[in-house]
Amino acid sequence: MNNTTFRLTIVTPTKIVERDITHIRLKDETAYFGIMKGHIDFLTVLVPSLCYYRDASGRETFLAVDGGILSVRGGAVTLTSREVYEGDDAERLAEIIEAAIAKRQESERAFITMLESIERSFIEKAVDLTR
């Protein structure tokens, strides 16, 4: 790490990765914003979005972030999210995150349907017991 870079730690339920970067651009509910070395301590809730960071060689890497929390504390930046996809092709990452969100929504709908069925069964049994 040189004097223009800082450590970015990306934390998901399945992995933790660290990168030395010069800046990162992310999005919260207010707008896109940037973080560079020396940024004051900061905490925000990220929205699902396509973001990027630049490493010391100037190479841009895109991040498809499925919402989460960004913390800047003592010069260290931590991005915590359910899912983060990293790559050089922004369009491909946008497709990946859209597919992941659609899959999650489908799973959530199936879960809600299951819960409704359990609730209906419980109510029917409760009514039967009161007869």
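1. The hairpin of S7 and S8. Two residues lie between strands S7 and S8 in this hairpin, and glycine 74 takes a positive phi near 60 degrees there. The model is a predicted one, and that applies to every point below. The two strands of the hairpin pair in the antiparallel sense, over five bridges. In this pairing serine 71 stands opposite threonine 78 of S8.

2. The other partner of S8. Strand S8 is also joined to S1, by four bridges, and these two strands run parallel. Threonine 78 in S8 stands opposite threonine 9. Threonine 78 is thus a useful residue to find on the screen: serine 71 stands opposite threonine 78, and so does threonine 9.

3. The two faces of S8. Which side chains of S8 are buried, and which are not? Val77 and Leu79 point to one face and are buried. Ala76, Thr78 and Thr80 point to the other face and are not buried. The side chains along the strand therefore alternate.

4. The nonpolar core. In soluble globular proteins, nonpolar side chains tend to be buried together. The largest nonpolar core of this model has 19 residues. Those with the most contacts inside this core are Leu8, Ile24, Leu26, Ile35, Leu63, Leu70 and Leu79. Seven strands are listed as giving at least two residues each: S1 (6-11), S2, S3 (32-36), S5 (49-55), S6, S7 and S8 (76-80). Which strand gives the largest share of the core? The answer is S2, with four residues.

5. Leucine 8. Leaving out residues up to four places away in sequence, leucine 8 touches Val17, Glu18, Arg19, Ile21, Ile24, Tyr53, Val77 and Leu79. Two of these, Val77 and Leu79, belong to the buried face of S8. Ile24 and Leu79 are, like Leu8, among the residues with the most contacts inside the core.

6. Threonine 5. Threonine 5 is found in the segment before S1. Is threonine 5 buried or exposed? Its relative accessible area is 3%, so threonine 5 is buried. Apart from neighbours within four places in sequence, threonine 5 is in contact with Asp20, Ile21, Thr22, Lys37 and Ala56.

7. Salt bridges in general. Side chains of opposite charge can pair when their charged atoms come close. How many salt bridges does a search of the whole structure find? The search finds nine. Arg7, Glu18 and Asp20 are linked in a network of salt bridges. Three individual pairs are taken up in the next points.

8. Glutamate 86 and arginine 19. The side chains of glutamate 86 and arginine 19 meet in a salt bridge, with 3.0 Å from N to O. Glutamate 86 lies in strand S9 (residues 84-87) and arginine 19 in strand S2 (residues 16-27), so this pair ties together parts that are 67 residues apart in sequence. Glutamate 86 counts as partly exposed, because its relative accessibility is 29%. Arginine 19 also counts as partly exposed, at 28%.

9. Aspartate 66 and arginine 104. In the salt bridge between aspartate 66 and arginine 104, the closest N and O atoms are 2.5 Å apart. Aspartate 66 is in the loop between strand S6 (60-65) and strand S7 (68-73), while arginine 104 is in helix H1 (residues 90-130). The pair links distant parts of the chain, 38 residues apart. Aspartate 66 counts as buried at 10% relative accessibility, and arginine 104 counts as buried at 16%.

10. Aspartate 55 and arginine 59. These side chains meet in a salt bridge of 3.6 Å, N to O. Aspartate 55 counts as buried, with 16% relative accessibility. Arginine 59 counts as partly exposed, with 42%.

11. The surface of helix H1. Phe111, Met114, Leu115 and Ile118 form a nonpolar patch on the surface. Together they have about 390 Å² of accessible area. Leucine 115 is found in helix H1, and its relative accessible area of 41% makes leucine 115 partly exposed.

12. Glutamate 106. Glutamate 106 also has its place in helix H1. With a relative accessible area of 54%, glutamate 106 is exposed. Glutamate 106 and serine 81 are 25 residues apart along the chain, and their C-alpha atoms are separated by 20 Å.

Methods: Residues numbered from 1 in each chain as written. Predicted model: local features only at pLDDT ≥ 70, side-chain atom pairs only at ≥ 80, totals over all residues. Heavy atoms only, no water. Salt bridge = Lys/Arg side-chain N within 4 Å of Asp/Glu carboxyl O. Buried < 20%, exposed > 50% of the residue type's maximum accessible area, 1.4 Å probe, protein only. Core = buried A, V, L, I, M, F, W, Y, C linked by side-chain atoms within 4.5 Å. Contact = heavy atoms within 4.5 Å. Pairing = 2+ DSSP bridges. Patch = residues over 30% accessible without salt bridge, like charges linked within 9 Å, V, L, I, M, F, W, Y side chains within 5 Å. Areas by Shrake-Rupley, 256 points an atom, 1.4 Å probe, with all protein chains shown as cover.
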